[in-house]
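Subject: Structure handover

Hello,

Here is the structure I promised you. Please open it alongside this note, and then read on for what turned up.

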Amino acid sequence: VNLYLDRNWLSFISAGMFEELQSLQVLDLANNKLSFHERPALLPPFAKLPKLRMLKLTSQESSGPMTLRHDLFRGLRQLKTLDLSDNKFTTFNTLPFQPLGGLEVLQLSNIYHG
């Protein structure tokens, strides 16, 4: 199952938004307004997607600081491709990537840090 939500001006993804789509394999959220900063006591938005193999988060036009919460990719054991290209990050560290042991492709082209 593939879900394409690119170019929808999404600014927030709730913790249970994809809970019923556990067979989802491709999720395209490119060209939205997502910012993924810490939200205490909430599950990460992708935690209930155990079969997800490709996640596209390119070109987010966030109004706030673009950071990757430390547990953003928790539960994505099957993820093979992650695309974060064309984003402007205020901070960028490796902690969010630790749960992605099976990751084969990490695309970070044209990212800005600062």
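First, a cut-off: a residue counts as buried when its relative accessible area is under 20%. Keep that in mind for Asp71, which sits at 10% and is therefore buried. Please also note that this is a predicted model.

**The salt bridge**

Asp71 has a charged partner. Its side chain meets that of Arg69 in a salt bridge, with 2.6 Å from N to O. Arg69 has a relative accessible area of 5%, so Arg69 is buried too. In general, side chains of opposite charge can pair when their charged atoms come close. How many salt bridges does a search of the whole structure find? The search finds one.

**The sheet**

Next, the secondary structure. The chain has seven strands and zero helices. From the N terminus on, the elements therefore read β-β-β-β-β-β-β. Five strands make up an open sheet. Their order is β1-β2-β3-β4-β6, and they pair in parallel. At the edges lie β1 (2-4) and β6 (105-107), each of which pairs on one side only. On average, neighbouring strands of this sheet are turned by 0° against each other, direction ignored. As a reminder, strands of a sheet pair through backbone hydrogen bonds, either parallel or antiparallel.

Take one pairing in detail. Edge strand β1 pairs with β2, which covers residues 26-28. The sense is parallel, and the pairing runs over three bridges. If you want a place to look on screen, try Tyr4: it stands opposite Asp28 in β2.

**The chain as a whole**

How does the radius of gyration of the chain stand against the globule rule? The radius is 13 Å, close to the 13 Å that the rule gives for 114 residues, so the chain is as compact as a globular protein of that length. Along the principal axes, the C-alpha atoms fill a box of roughly 35 × 30 × 25 Å.

Burial comes next. Of the 114 residues, 39% count as buried. Arg69, at 5% relative accessible area, is one of the buried residues. The accessible surface of the chain is about 6,300 Å². Carbon and sulfur atoms account for 50% of that surface.

Last, the contacts. Take those between residues at least 6 apart in sequence: 69% of them join residues at least 24 apart.

Best wishes

Definitions and conventions: Residues numbered from 1 in each chain as written. Predicted model: local features only at pLDDT ≥ 70, side-chain atom pairs only at ≥ 80, totals over all residues. Heavy atoms only, no water. Pairing = 2+ DSSP bridges. Helix = DSSP H or I, 4+ residues; strand = E, 2+ residues; numbered from the N terminus. Axes fitted to C-alpha atoms, helices over the stretch in contact; angles between N-to-C directions. Salt bridge = Lys/Arg side-chain N within 4 Å of Asp/Glu carboxyl O. Buried < 20%, exposed > 50% of the residue type's maximum accessible area, 1.4 Å probe, protein only. Rg over C-alpha atoms; globule rule 2.2 N^0.38 Å. Contact = heavy atoms within 4.5 Å. Areas by Shrake-Rupley, 256 points an atom, 1.4 Å probe, with all protein chains shown as cover.
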